[in-house]
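Visitor: I am new here and would like a close look at a single part. Please take me through it slowly, one piece at a time.

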Amino acid sequence: MTTSQPPSIDIGIDIGGTFTDVVCRRVGQPMLATKIMSTRKDPSAAVMHAVRYMVENWGIRPSEVGRFLHGTTVATNAVLERKGAKLGLLTTQGFKDVLEIGRQMRSSLYGVILEPETPVFLARGKYRKEIPERVDAKGTVITELDEDAVRTAVRELVDDGVQAIAVCYLFAFQNAEHERRTQAIINEMAPEIMVSISSEVDPAFREYERTVVTAFDAYMKPVIDRYMAQIEDGLGKVSIEAPLQVMQSRGGLSVSAVARKRPVRLFMSGPAAGVIGGTIVGRMADAQDVITVDIGGTSCDIALVSGGEPVIRPEGRIDGYTVRVPMVDVNAIGSGGGSIAWLDKGGGMRVGPESAGSDPGPAAYGKGGEEPTVTDASLVLGYLNPDYFAAGTVSLDVERSKAAIQAKIAGPLGLELEEAALGIHRVVNAQMVEGIRLVSIRQGLDPRGFSLVALGGAGPIHATALAGELKMNRVVIPRRPGVLAAAGLLAAPIEHEVASAFPRPLAEITLDELKAALGELDRQCAQLMAHEGVDPGSVRIRYGADMWYQGQSYYLDVPIDLDDPDVLKTVYRSFLKAHDRVYGYSYDAPTSIVNLRTIHSALGSDTLGEGAFTPEDGSAEKGRRAIRVAGAAEAVLATVYDRAFMPAGMTFEGPAIVEQADTTTVVEPGWRGEVAADGNLVLTAA
């Protein structure tokens with residue numbers, strides 16, 4: 001009699017603009033990793049290509065797969081490319097233009113051409129309907145819901161071809177009865193229409209912010225639902241029965257059934273996984289304070305990790321619009337390996353934000369691209385080996401890169417070819433340095449006290465140049481930097497957060513009231529966790545409150561410890577400490593709680609599970625290659641190493657090039673490298 005073995009394989013797949021990163025971890029064996037080209041028109045196709053690759057090349061049996069984890073940019077791209085659902089919006093009578101009015105603030109006061117700074121594209125005026133109903137600030141019904149008006153509005157929207165409807169009534173966060181009834185009516189009349197109600201998406205005060213996040217949620221729902229269905233259907237066809245879990249914006253995983261219901265929480269899904277991986281790599285190098293720089297083919301994602309934990313912000317910005325969704329504090333800029341270099345009308349060199357992506361890709365790919373990119377510049381400067389790019393799966397054409405840079409940059413500017421390529425690097429590096437300053441110096445933190453963790457396919461190419469500009473003296477290159485975001489998926493916890501409004505002066509709150517309110521949030525969060533199939537006993541629970549001085553307009557996040565016998569006094573002291581840290585002062589005055597939240601998490605890991613570091617036998621030195629670096633008038637001769645053969649404890653001096661299957665590391669003159677015991681590469685400035 002034979003017994004079936006329990007599933008023992010974890011798979012992580014992260015889709016980027018140019019490459020899709022794939023990692024596979026089997027219990028007791030080294031992690032396997034590869035990169036394949038992304039499929040821009042249909043991202044789910046790249047996932048299926050990855051699955052077929054693993055089955056054919058790694059001998060993966062579908063029955064062995066226990067976890068299938070995914071980081072995706074589909075949610076973000078739906079907004080950037082305006083490919084979400086045709087959306088209708090139902091509001092309280094008199095409030096249909098909240099989405100358009102916003103906060104009446106402009107980022108560019110003196111622009112000649114004024115563009116909307118609120119996301120009116122979500123629902124134009126014709127698709128915004130007012131419904132007679134009213135609830136006051138305490139949740140008391142003043143005007144009953146006009147159900148006939150709801151039916152009329154829904155009928156008109158359906159006739160106009162809407163695919164989703166967002167419902168945001170005034171003070172619904174205090175009493176959700178009208179929104180829930182409206183949702184029921186929509187489901188009765190048009191079950192094919194997807195619905196988001198603000199009392200579920202964002203039950204907190206501030207009408208504009210609540211309307212925006214609810215509208216975004218509904219706008220993306222059909223896109224995410226269709227995308228998840230395609231992946232699950234594909235997994236089913238290859239007999240992978242493991243549930244699909246997706247990375248959320250605050251760095252926790254969610255089963256796809258829950259993710260479909262809360263798609264707005266999938267913003268920055270892929271970058272969040274990279275930050276988790278970078279955080280773990282920092283800890284491995286005894287660095288609790290790190291700045292992660294994830295440079296892919298399309299973008300550069302920068303995040304700050306303080307005290308060994310990624311910084312979580314209560315809201316983020318997507319395409320310039322503020323969206324009130326908690327997310328890992330990632331500053332994403334349009335600078336990557338595929339970013340196109342171009343000249344503006346004044347003859348100044350620019351790089352990005354437009355990217356060549358994977359199709360046609362940089363000129364070096366030989367797929368029809370004629371625009372010079374950062375990758376083309378890296379090839380001309382000698383950083384990349386044209387015969388060993390992406391482990392040799394992509395062959396680079398140096399002559400095409402030279403021709404593109406010569407025609408579009410060097411010729412018009414009267415520069416030598418290598419000078420133009422170096423200029424492309426200096427411009428893109430300057431943009432990345434400014435992005436790093438945005439998450440550090442502008443928040444009162446000195447980057448010189450941080451280690452730089454470089455990841456992504458292009459991160460290690462730029463690492464020492466960026467660190468040098470910022471006077472940072474330590475850089476950590478992970479064992480597999482090109483696929484670290486995918487590896488971060490394997491270490492991420494399953495996590496859900498539920499928040500709600502709780503507008504009460506702190507002095508009037510009793511401990512029993514606080515526990516009762518948090519208990520209700522716990523109940524809702526437990527329902528979400530129940531979909532994940534985790535043992536309730538393994539769930540870690542954290543509480544928090546948004547607080548302000550009475551009369552303020554902005555609040556601060558303060559932790560709550562219900563095991564503290566003086567919890568309310570501790571909450572007050574924590575608020576004073578946070579206010580002093582952020583604003584530089586605090587004083588004894590009445591405060592209020594604005595919102596409460598609970599966070600349930602389980603099954604996170606402090607390691608990436610790569611296995612013991614065991615380099616291959618052989619010589620690490622591959623030869624020498626001339627490269628160009630900033631600050632040197634002529635080319636310098638760099639020693640080229642194969643990272644697969646570099647043993648723990650090995651040291652070397654820059655200039656050097658370290659090649660591996662998923663990336664290339666450029667070590668500029670003045671830097672010293674050492675292979676740590678865990679296989680990570682630690683670079684220090686001389």
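Guide: What follows is a walk through one sheet, the helices lying across it and a residue beside one of them.

Before we start, please keep in mind that this is a predicted model, in which local features need pLDDT of at least 70 and side-chain atom pairs count only at pLDDT 80 or more, while totals for chains, interfaces and linings use all residues. Residues are numbered from 1 along each chain as its sequence is written, and side-chain values use heavy atoms, with hydrogens and water left out.

Let us begin with the sheet itself. It is an open sheet of four strands, and going across it you meet β6, β5, β9 and β10 in that order, paired in parallel. At its edges are β6, residues 128-131, and β10, residues 194-197, each of which pairs on one side only. On average, neighbouring strands here are turned by 20° against each other, direction ignored. Strands, of at least two residues (E), and helices, of at least four (H or I), are DSSP runs numbered from the N terminus. Two strands pair if DSSP finds at least two bridges between them.

Now look at the pair β5 and β9. Strand β5 covers residues 87-92 and strand β9 covers residues 164-168, and five bridges join them in the parallel sense. To find your place along this pair, look for Leu-89, which stands opposite Ala-166 in β9.

Next come the helices. Helix α5, residues 177-189, lies across β5, β9 and β10, and runs at about 175° to β10. Helix α7, residues 207-237, also lies across β5, β9 and β10, and its angle to β9 is about 160°. These angles run from 0 to 180 degrees between N-to-C directions, using axes fitted to C-alpha atoms, for helices over the stretch in contact.

Let us finish at the start of α7, with a residue from another helix. Val-98 belongs to helix α3, which spans residues 98-101. Leaving aside residues up to four places away in sequence, Val-98 touches Glu-207, Tyr-208 and Thr-211; contact means heavy atoms within 4.5 Å. Is Val-98 buried or exposed? Val-98 counts as buried because its relative accessible area is 15%, and buried means under 20%, exposed over 50% and partly exposed in between, with a 1.4 Å probe and protein chains only. One more distance involves Val-98: its C-alpha atom and that of Val-264, 166 residues apart along the chain, are separated by 19 Å.
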